Amino acid sequence: MANKTYWSEFLRGVTKDNPVFALLLGLCPALAVTTSMENGIGMAAASMFVLMCANLIISSLKNHIPPTIRVPIFILVIATFVSIIGMVMEAYSPALHSALGVFVPLIVVNCMIIGRAEAYASKNPVSFSAVDALGIGTGFLLVLATIGSIRELFGTGEIVLFGFQLIQIPIDSSSFMIMPPGAFFTIAILMALVNYRRDKMLERGG
Amino acid sequence: MPDNSLINIFLDGVFIENFILIQFLGLCPFLGVTKETRSALGMSAAVIFVMTMASAVTFVVASYLLGPMNLDFLELIAFIVVIASLVQLVEYIIRKHLPPLYKSLGIYLPLIASNCAVLGLVLLNRMEDFSFVEGIVFGIAAGIGFGIVMVLMSAVRERTGLVRIPSSIKGVPYAFFAATMLSMAFVNYFEVIPI
């Protein structure tokens, strides 16, 4: 494919194939752990690591994996890396590990990762698969950081990132945004905005 | 929760820690299969069955197989294999006896295997150190809670299916707005807000 460059593949993962807004994958962690920006970034970083490693391994083994049992093999590869990142996180960042809780092992069933393995890594060369993982991972990171920062800002009135206070607004913070309904509300608004922009662009383009 | 009686675990699983609206587990079928009540019901029945079985089987696997052999780090992988086989079983049963339901569930039936609700339940069981019976009760409760929300949501979507709304809100954003309302009802009614 001539028109496929590393940069375009990277951008595609962030925008057109954004895992949360375009592909609707990885919604559970996107809503559950985004009570603060820090948690969102931690979750996205862990997912990105797993996605990257899984894409690399599956892409380099793609000619040796029998197609009939490919899905169990993908899951095994992913589960291995999830176990690794779980142990690393528990050792070096126990606070984050306990804040993310059950959602760290649940990266295994994040459809985003197995989806990329099936749709991309098993059909493309190693280098492109790595770029794809980087792009999709970055898209996921941006979404989780956005949702997390919105919820933290309006839920607590400030954003604290790794111990530094980034921003503070003088509002009556309501726990609504930190609570589960706030997550649904935030993603509904964001998704409507994304759709609105896409419709506008389609109108202009066509 | 200090009082670990079975009825408490049950109510906890159905309402207070509702899997979809409070814990955000199993959102894919929540968005995908709630367009009509019939398929929502079928999906919920399948999930209740898989959750109950998965609680029982994983407890046995974890405490009599992996525990004595010091293979605790393999838990995650073992659980996934157990769940995948259970889902396969359910798929055979539904395809044989309820072909119309099989068609309307479509891709979401095999996807129960990678549904975070089931694996989440199993992992929560392990985290809370539930016994065999407690785990099964929690599994049934979580499945029923899942089912209640699926049916509520599909009723809302069926009822409001013909409402005229802006095109950018149609579909998933609309479903999320409905979920906000449902979630608010659950959070406030069962008073889980720690004020």
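UniProt positions are given here in the numbering of this model, with feature names shortened, and such annotations may be inferred rather than shown by experiment.

**Entry 1: ground rules**

I am working on a predicted model, in which local features need pLDDT of at least 70, side-chain atom pairs count only at pLDDT 80 or more, and totals for chains, interfaces and linings use all residues. Residues are numbered from 1 along each chain as its sequence is written, while chains are lettered from A and ligands numbered from 1 in the order in which they are written.

**Entry 2: chain A**

I looked up the secondary structure, where helices (H or I, at least four residues) and strands (E, at least two) are DSSP runs numbered from the N terminus. Chain A has 8 helices and 2 strands, and along the sequence I read α-α-α-α-α-α-α-β-β-α. Its radius of gyration is 18 Å and the globule rule gives 17 Å for 206 residues, so chain A is as compact as a globular protein of that length. The radius is taken over C-alpha atoms, and the rule is 2.2 Å times the number of residues to the power 0.38. The C-alpha trace of chain A spans about 60 × 50 × 25 Å along its principal axes.

From the unreviewed UniProt entry I noted "transmembrane region" at residues 42-59, 71-89, 95-114, 126-147 and 176-196 of chain A. I checked two of these spans. Residues 42-59 of chain A are 100% helix and 0% strand, with end C-alpha atoms 26 Å apart. Residues 176-196 of chain A are 81% helix and 0% strand, with 25 Å between the end C-alpha atoms.

**Entry 3: chain B**

In chain B I found 8 helices and 0 strands. The C-alpha atoms of chain B fill a box of roughly 60 × 50 × 25 Å along the principal axes. Its radius of gyration is 17 Å, which agrees with the value near 16 Å for a compact globule of 195 residues.

The unreviewed UniProt entry puts "transmembrane region" at residues 6-33, 45-67, 73-93, 105-124, 130-152 and 172-190 of chain B. Residues 6-33 of chain B are 61% helix and 0% strand, and their end C-alpha atoms are 31 Å apart. For residues 45-67 of chain B, I have 96% helix, 0% strand and an end separation of 31 Å between C-alpha atoms.

**Entry 4: where the chains meet**

I counted residues as in contact if their C-beta atoms, placed from the backbone, lie within 7 Å. On that basis 31 residues of chain A are in contact with 32 residues of chain B. The elements giving two or more residues to the chain A side are α2 (27-32), α4 (70-92), α6 (111-121) and α8 (180-205) of chain A. The largest share, 12 residues, comes from α8(A). By class, I list 27 nonpolar, 3 polar and 1 charged residues on this side of chain A. Ala, Val, Leu, Ile, Met, Phe, Trp, Tyr, Cys and Pro count as nonpolar, Asp, Glu, Lys and Arg as charged, and the others, Gly among them, as polar.

**Entry 5: helix α7 of chain B**

I took axes as lines fitted to C-alpha atoms, for helices over the stretch in contact, with angles from 0 to 180 degrees between N-to-C directions. Angles under 35 degrees count as roughly parallel, over 145 as roughly antiparallel, 65 to 115 as roughly perpendicular and the rest as oblique.

The axes of α7 (residues 132-159) and α8 (residues 172-189) of chain B come within 11 Å and cross at roughly 125 degrees. That makes α7(B) oblique to α8(B). The contact uses B:V149, B:L152, B:M153, B:V156 and B:R157 of α7(B) with B:A175, B:A178 and B:L182 of α8(B). I sorted these into 7 nonpolar, no polar and 1 charged residues.

The axes of α1 (residues 6-16) of chain B and α7(B) come within 7 Å and cross at roughly 30 degrees. That makes α1(B) roughly parallel to α7(B).

How values were computed
Two residues are in contact if their C-beta atoms, placed from the backbone, lie within 7 Å.
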